[in-house]
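Me: I am new to this structure and would like a close look at one part of it. Could you walk me through the surroundings of ligand 1?

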Amino acid sequence: MEHARVLRGVAGVAGFLAAAEIVGATGLIDDRFLPRMSAILRGAAELLADQEFLADARATLAAWGLGLLLTVAVAVPAGLALGALPPVERAVRPLIEFLRPIPSVAVVPLAILLFSDNLHLRVAVVVYAASWPIVINTIYALRDVDPLAKETLRSFGFGPMSVLLRVALPSAAPFIATGIRVAAGTAIILVISAELLAGGAEGVGIYIMEAASGNRMDLMLGATLWAGLFGVLSNSALVAVERRLFRWHDARAGVAR
Amino acid sequence: MLEITDLVHSYGSHRVLDGVSIRAAEGELVCVVGPSGCGKSTLLRSVAGLIRPTGGRVLIDGRPVERIPDNLAVVFQDYSRSLYPWMTAANNVALPLRRRGLDRRRRREAAMAALDQVGLADAAEKYPWEMSGGMQQRVSIARALAYRPSLLLMDEPFGSVDAQTREDLEDLVLRVCAHHGMTTLLITHDIDESVYVGDRVIVLTRSPTRVAADLPVDLGRSRDQIATRQLGAFVRLRAEVGRLVRGGSPTPTVLEKH
Ligand SMILES: Nc1ncnc2c1ncn2[C@@H]1O[C@H](COP(=O)(O)OP(=O)(O)O)[C@@H](O)[C@H]1O
Ligand SMILES: [Mg+2]
């Protein structure tokens with residue numbers, strides 16, 4: 001099953017690349033605006049030896065990692081507090097409903113005004129944007145914790161805090177992890193968006209802008225390709241971690257993978 | 001040991017318990033039997049301190065139940081929801097022992113001893129979802145035993161297992177309760193089971209619920225799934241409980257015998 005899925009995915013991507021190359025070769029599209037697929041792939045490969053690009057990639061990854069770490073540190077406790085205290089959740093809900101639909105990229109200009117340091121700016125934007133999926137998932141997961149599971153611990157004389165940490169949190173953990181995975185994807189998008197909008201000295205977004213202004217479309221799209229690939233890889237890695245960590249959840253839900 | 005006096009409970013305007021009084025002496029195994037929905041779980045929750053009854057009094061060892069007592073353990077019917085799937089059997093059993101201030105090693109020892117008592121020494125490292133229903137309910141029972149409660153409450157503990165497993169678990173409970181000298185309140189809707197397991201059977205009426213009868217079970221402490229159920233005394237008592245559960249009035253001859 002797993003093999004077939006991977007095979008189909010590879011076939012799909014290869015088919016797309018081949019189609020794009022053929023369209024390029026027919027001369028329908030001017031190479032100066034959109035390089036051939038083979039040129040983009042060559043550009044992407046070249047980037048692996050490009051010290052400047054590697055430094056930019058490291059900078060982007062650092063902002064991403066730091067931002068995600070901070071997001072988890074802020075959003076999980078916030079979600080727990082809101083999930084465990086329904087009155088507080090009801091009070092905060094209108095604010096959440098108002099802020100959440102605002103496209104996160106729209107806060108970048110505000111962040112530019114607030115932060116002079118470029119790393120701080122990117123991290124702040126990530127924390128704002130990536131917190132939502134974690135907070136929302138945590139609230140809903142806590143609401144769905146089996147009352148009998150909580151009552152069992154309560155019957156042994158454990159207080160509300162113990163019940164929260166020993167029953168509610170582990171029960172909710174698989175859903176929180178899914179929220180973190182979604183947040184990781186959002187975070188990479190936001191770091192690069194912030195780099196594109198705010199400029200600065202380093203980052204994949206900066207590299208993309210510079211390649212574009214230097215008319216190196218192949219390098220620009222090559223860098224974009226790497227950004228996309230990173231998103232896919234981090235997602236798969238987190239899925240693998242979830243499966244290992246929450247075997248009990250899948251086993252109980254009867255999920256066949 | 002346990003004194004429930006005039007217990008009244010209403011959910012909103014719906015009166016479920018309408019003055020229930022039950023007493024259990026030290027070491028006694030009392031079965032409470034009643035029709036589905038008559039408030040058996042409500043009664044158990046009140047005794048466990050999980051809900052605050054509308055009226056009446058519950059005393060354990062002479063002390064009123066206000067908060068959740070620390071000398072009591074509960075076994076619920078729904079083992080699959082009451083055990084924690086992210087923990088092994090041993091860790092499930094050991095968890096409540098944190099309340100006893102035991103260190104990790106002592107908790108582990110106590111958990112292994114309790115699992116051994118219920119015949120699951122080999123399954124300590126299994127997860128609940130790797131076990132059959134009967135095994136899971138054994139883990140729940142082990143968890144209660146390890147906690148060393150002086151009062152054990154069981155809410156239809158064998159309601160979700162097959163007939164053979166049910167008999168095994170009934171005998172297990174008889175054995176461990178006698179061994180530990182625990183006072184036990186076992187709630188069931190199974191008439192046969194109440195007579196087989198109990199030292200006494202309390203029959204509840206339909207809601208608004210009162211005690212219909214309080215019947216001693218004169219079958220001795222050692223019971224046998226086949227032989228006991230064939231005894232004349234067992235058959236008569238089972239018939240009497242059956243009639244009472246269906247709303248009949250007590251038969252004087254059966255009561256006179258005691
Ligand atoms: N939390 C609750 N809120 C409202 N009604 C309840 C609640 N729990 C139980 N009831 C009602 O009280 C009655 C007795 O319930 P319960 O104690 O569970 O009975 P039993 O365990 O004997 O089947 C039922 O009619 C049930 O619907
Ligand atoms: Mg019930």
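Reply: Here is a walk around ligand 1, ending with two cysteines. This is a predicted model, in which local features need pLDDT of at least 70 and side-chain atom pairs count only at pLDDT 80 or more, while totals for chains, interfaces and linings use all residues. Residues are numbered from 1 along each chain as its sequence is written, chains are lettered from A and ligands numbered from 1 in the order in which they are written, and side-chain values use heavy atoms, with hydrogens and water left out.

The residues around ligand 1 (a heavy atom within 4 Å) include Tyr11(B), His14(B), Val16(B), Cys38(B) and Lys40(B). By class, this shell has three nonpolar, six polar and one charged residues; Tyr, Val and Cys count as nonpolar, Lys as charged, and Gly as polar.

Some neighbours make polar contacts, meaning pairs of N or O atoms within 3.5 Å. A polar side-chain atom of Tyr11(B) is 3.3 Å from a nitrogen atom of ligand 1. Backbone atoms take part too: a backbone N or O atom of Gly37(B) is 2.8 Å from a ligand oxygen atom, and a polar backbone atom of Gly39(B) is 3.0 Å from an oxygen atom of ligand 1.

Now the cysteines. No disulfides are counted over all chains, the rule being two cysteine sulfur atoms within 2.5 Å. For Cys38(B), the nearest cysteine sulfur, in Cys31(B), is 14 Å away. For Cys177(B), that of Cys31(B) is again the nearest, at 9.8 Å.

Definitions and conventions: Polar contact = N/O pair within 3.5 Å; in protein donor to acceptor, adjacent residues only side chain to side chain.
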